[in-house]
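Got the viewer open? Let's walk through this one selection at a time.

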Amino acid sequence: MGLHLPKGWHEITLKSYFAVQEIQNDEFLDQIDKDTEIIALLSGTTYKAVMDLTLADKRTALNQIQFLKYLDKIRPKLKKYFWVKGKRFYVELNMQKITGGQYVDLMTFLKQPDKAKENIHNVLAVLAKPLKFGFIKAQKYDGENHKDRAKLFYDNLKVSQVYPI
């Protein structure tokens, strides 16, 4: 077959997850087109290349990404620390310890409950602070860096790292 597909949520970034969700929610695509688009997206190939697969290879590919149907099966422990691109971050889960600025930013991203999942990278950009040298006291929250941190998380964090949050 020659396609490299992810084997689990630990290989799916938030960016890929949201792209898959967009395909799955597209009411103009039938299931065959949705499956083909998702395989192409996750394998980094083209729609045409997936269409050129034999039915047996396409079935194998679909079986390999069955985990996409079971986000709720992720059962990792909630972690206060995580690594992204060589940087270690601390997640402040005690709401009594966040600043007023963090609270305002957090409420901005959570004011629409139906969009909370889509804003998880923004929520994490508010709650996760980089650690100096990877282990020393967390740096203070700086809303000015929010957009860069949110993009870093969106592009690089794996779904299995953020799902419990």
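Which residues make a nonpolar surface patch of about 350 Å²? Select Tyr 103, Val 104, Met 107 and Leu 110, and you have the patch on screen. Keep in mind throughout that you are looking at a predicted model.

**Stop 1: Met 107**

Stay with the patch and click on Met 107, one of its members. Met 107 sits in helix H5, which covers residues 100–110. Its relative accessibility is 34%, so Met 107 counts as partly exposed: that class runs between the 20% limit for buried and the 50% limit for exposed.

**Stop 2: across to Ser 43**

Now add Ser 43 to the selection, which you'll find in helix H2, residues 31–43. Buried or exposed? Ser 43 is buried, because its relative accessible area is 17% and the cut-off for buried is under 20%. Draw a distance line between the two C-alpha atoms: Ser 43 and Met 107 lie 36 Å apart in space, with a sequence separation of 64 residues.

**Stop 3: zoom out**

Switch to a cartoon view of the protein chain. You should be able to pick out eight helices and four strands. Trace the chain along the sequence and the pattern reads α-α-α-α-β-β-α-α-β-β-α-α. Measured out along the principal axes, the C-alpha trace spans about 55 × 35 × 30 Å. Colour by accessibility next: of the 165 residues in the protein chain, 37% are buried.

**Stop 4: H6 and its neighbour H7**

With that colouring still on, select helix H6, residues 120–127. How many of the residues of H6 are buried? Eight of eight, so to speak a full house, and H6 is mostly covered. If you want to click through them, the buried residues are Ile 120, His 121, Asn 122, Val 123, Leu 124, Ala 125, Val 126 and Leu 127.

Bring in helix H7, residues 146–156, which packs with H6. The two axes are 8 Å apart and meet at an angle of about 125°. That angle makes H6 oblique to H7. Rotate the view to look through the pair, and you'll see H6 pass H7 in a right-handed crossing.

**Stop 5: the salt bridges**

Keep H7 on screen and show side chains. The structure holds three salt bridges, and Asp 155 is a good place to begin. Asp 155 forms a salt bridge with Lys 151, the closest N and O atoms being 2.5 Å apart. Both residues are in helix H7, and because they are four residues apart, about one helical turn separates them. In general, an α-helix has 3.6 residues a turn, so residues three or four places apart point the same way.

Which other residue forms a salt bridge with Asp 155? Select Lys 15: here the closest N and O atoms are 3.9 Å apart. This pair links distant parts of the chain, with Lys 15 in helix H1 (residues 14–24) and Asp 155 in helix H7, 140 residues apart. Lys 15 is partly exposed at a relative accessible area of 45%, and Asp 155 is partly exposed too, at 23%. Show Lys 15, Lys 151 and Asp 155 together, and you have one network joined by salt bridges that share partners.

**Last stop: Lys 48 and Asp 52**

Finish by selecting Lys 48 and Asp 52, whose side chains meet in a salt bridge at 3.0 Å, N to O. Both Lys 48 and Asp 52 are exposed.

Key: Residues numbered from 1 in each chain as written. Predicted model: local features only at pLDDT ≥ 70, side-chain atom pairs only at ≥ 80, totals over all residues. Heavy atoms only, no water. Patch = residues over 30% accessible without salt bridge, like charges linked within 9 Å, V, L, I, M, F, W, Y side chains within 5 Å. Areas by Shrake-Rupley, 256 points an atom, 1.4 Å probe, with all protein chains shown as cover. Salt bridge = Lys/Arg side-chain N within 4 Å of Asp/Glu carboxyl O. Helix = DSSP H or I, 4+ residues; strand = E, 2+ residues; numbered from the N terminus. Buried < 20%, exposed > 50% of the residue type's maximum accessible area, 1.4 Å probe, protein only. Axes fitted to C-alpha atoms, helices over the stretch in contact; angles between N-to-C directions. Parallel < 35°, antiparallel > 145°, perpendicular 65-115°, else oblique. Left-handed = near helix turned anticlockwise from the far one by under 90°.
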